Every structure is written in structure tokens, then in C-alpha cells.
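Here's a quick tour of some side-chain packing, rings and all. Have the model open while you read.

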Amino acid sequence: MPKIVDHDQYRKELLAKCFDLFAQTGYGSITMRQIAQGLNVSTGTLYHYFPSKQALFEQLVEEINQQEILTAMAELGGRQTLQETMDALGKYLSKHEDYYIKLHYILVDFCQHQDSKQMWGSGIFQRVDERCQQAVRDVLGIEDSTLISFVLLLIDGLILERLLGNEKISFTAQCNLLGKMLTAYLQQYPSNQRSKSESYSANYS
């Protein structure tokens, strides 16, 4: 009896192994043949699941994004105050610093080889951005979309500074300060905040 292959699960397993390959070699330098060799599969098998290197990378980004949000939510959920959540976020980023530095490295390398309009036109990066914004909205209880974008931009900026070798930047100190700023802002504009527990339970229970 022929073996039944769960193609979606196998595709995800291949994607999981691709992260380190891109981090070690860079998007621009690595070829599909090299990826196939690194995965110990034939190039035919690789192309069966991914029609191009760009398609493979974009699927990798989306898969990573889905998994990292679930992981972050599991670690950050349940905090009583926004300040507690931001302090927990600082510790979370410090704990996973190497991973996020690698991720931003391969994203920057990918962007150097793409047209920005084509990137966002693919839909994948739009979905990733929307998913991240929803996660911030739920875990911090913030409604203001501009404020949500500010939080995400600050996190990206901190990671990029670490990528550039700036060891003076502290995730814990910066997230603690951001927590104080957000708390003060939302006390002044309470309509921009909602119940964290209700939004979290609705989307991640």
C-alpha cells in the first residue's frame, strides 16, 4: 500500500528548515539548488512545492509570522496591566534576540532584491502586517491604528539597531519606557483603549 503523504505538513516541514539556510547564506546568494541540497531533497521535489525562490521565501515569511504570533501571545497574554505586558515584551525580545536579528537580516536582504510595490502587491506582506497589527491591538488593548503602527515600528527599529551591532540598546529598558509612555497617553485619551482580556479571549482562546 503506497504511503500517504500529508503534503501541507511536508511543505511546512520544508519551510521550517529553510530559515537557517536563508540566515546563513542570504536570500540573494542562495539558489534553489542549494536550498534543495540543504534540505536533502531533489530540486524537482522543491519546485513541486514552491514554483520559485521568491514564492518559497514569501511562504516562509507567512508561516514564521503565524507561528511567532502564537508564541508571543502565549508568553505575553494574561498580564493585568499594559505596563506589565510591555515589560514582558522586553524580556521576550531579549530572550529571542538572535532569532529576530536573523529574521530581520534575511528580510532586509530580500527587500534589496525586490521592487517594494511588487512586494506589497503579493498580498503576503499585507497579511503579515495586518496580523501583527491585530496582535498588538489585542495584547495591548489599543484601538488607535497610528499608535499600533508606532509600537511595531519601534520594535522593528530596536531589532535593526541590534542587527547593526548597537549593544547599548536594551529591549527591556526601551519596552519599559514605551509602556510608561503608552500608559500616560491612554490615560489622557482613554477612548483609544479597550478591554485586553476580552479582545485576547475572543481571538486567541
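Gln 83 is a good place to start: with a relative accessible area of 18% it is buried, which means under 20% on a scale where exposed is over 50% and partly exposed falls in between (1.4 Å probe, protein chains only). Gln 83 lies in helix α5 (residues 82–95); helices here are DSSP runs of H or I with at least four residues, strands are E runs of at least two, and both are numbered from the N terminus. Leaving out residues up to four places away in sequence, Gln 83 touches Asn 176, Gly 179, Lys 180 and Thr 183, where contact means heavy atoms within 4.5 Å.

A word on provenance: this is a predicted model, so local features need pLDDT of at least 70 and side-chain atom pairs count only at pLDDT 80 or more, while totals for chains, interfaces and linings use all residues. Residues are numbered from 1 along each chain as its sequence is written, and side-chain values use heavy atoms, with hydrogens and water left out.

Asn 65, in helix α4 (residues 53–76), is buried too, at 2% relative accessibility. Not counting residues up to four places away in sequence, Asn 65 touches Val 128, Arg 131 and Cys 132.

Now the rings. Rings of Phe, Tyr and Trp (its six-membered ring) pair if their centres lie within 6.5 Å, with planes under 30 degrees apart called stacked, over 60 edge-to-face and the rest tilted. That rule gives 12 aromatic pairs, including these two:

| Pair | Centre distance | Plane angle | Type |
|---|---|---|---|
| Tyr 27 and Phe 110 | 4.8 Å | 85° | edge-to-face |
| Tyr 99 and Tyr 100 | 4.9 Å | 70° | edge-to-face |

What does the Tyr 27 and Phe 110 pair tie together? Tyr 27 sits in the loop between α1 (7–25) and α2 (32–39) and Phe 110 in helix α6 (residues 97–111), so the pair joins parts 83 residues apart in sequence. Both Tyr 27 and Phe 110 are buried. In the other pair, Tyr 99 is partly exposed at 27% relative accessible area, whereas Tyr 100 is buried at 10%.

Ring pairs also link Phe 22, Tyr 27, Phe 57, Phe 110 and Phe 125 into a cluster. On top of that, the charged end of Lys 53 sits over the ring of Tyr 27, 4.4 Å from its centre; the test is NZ of Lys or CZ of Arg within 6 Å of the ring centre and within 35 degrees of the ring normal.

Finally, Leu 177 lies in helix α10 (residues 171–188) and counts as partly exposed at 43% relative accessibility.
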